[in-house]
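Hi everyone, thanks for making time. I'd like to walk you through one model today, so let me put it up on the screen.

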Amino acid sequence: MRIDPNIALVYSTDGGKIDQPKETKAIPEGDGIVRIHKDSKGRKGKGVSVIKGLGLDEKALKALAQKLKKQCGCGGTVKEFNIEIQTDNREQLKTLLEKLNYQVKLAGG
């Protein structure tokens, strides 16, 4: 199967398959107020609502984002401890979060 018999595989123990411990990102501390921003930069004019200041870990953020996306009937994602929902209807998001006992403010334009 080898083309050249003078070429052999070389193994190194320098890097190997040693699993490095994964760094856990620290949850940003907030002031207890959840803010809903409207953002359209870099999205070809389509607006999204960015929810900041929840103070939840990644697993809980993903679960909350899934719940909000189902209630609004739109898409979204979790990026850097913020939830981005693909809707301009911030009032609906505010009422949904207030039902979950969050103190919510509409921020930005």
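Before we look at the inside, one term: by a nonpolar core I mean a set of buried Ala, Val, Leu, Ile, Met, Phe, Trp, Tyr and Cys residues joined through side-chain atoms within 4.5 Å. And keep in mind that this is a predicted model.

Okay, the overall layout. The chain has two helices and five strands, and starting from the N terminus you read them off as β-β-α-β-β-α-β. Of the 109 residues, 25% are buried. If you take contacts with a separation of 6 or more, 52% of them join residues 24 or more positions apart.

Now the core. The largest one has 16 residues, and I51, L54, L68, I83, L93 and L97 have the most contacts inside it. Which elements give two or more residues to this core? They are β1 (33-39), α1 (58-72), β4 (82-85) and α2 (90-99), and α1 gives the most, with five residues. Take I83 and skip anything up to four places away in sequence: I83 touches S49, V50, I51, L54, L61, L64, A65, T77 and V78.

Last thing, the cysteines. How many disulfides does a search of the whole structure find? Zero. So what about C72, which is buried at a relative accessible area of 18%? Its closest cysteine sulfur, in C74, is 4.7 Å away, and that is too far for a bond, because the cut-off for a disulfide is within 2.5 Å. From the other side, C74 is in no disulfide either, with the sulfur of C72 as its nearest cysteine sulfur.

Notes: Residues numbered from 1 in each chain as written. Predicted model: local features only at pLDDT ≥ 70, side-chain atom pairs only at ≥ 80, totals over all residues. Heavy atoms only, no water. Helix = DSSP H or I, 4+ residues; strand = E, 2+ residues; numbered from the N terminus. Buried < 20%, exposed > 50% of the residue type's maximum accessible area, 1.4 Å probe, protein only. Contact = heavy atoms within 4.5 Å.
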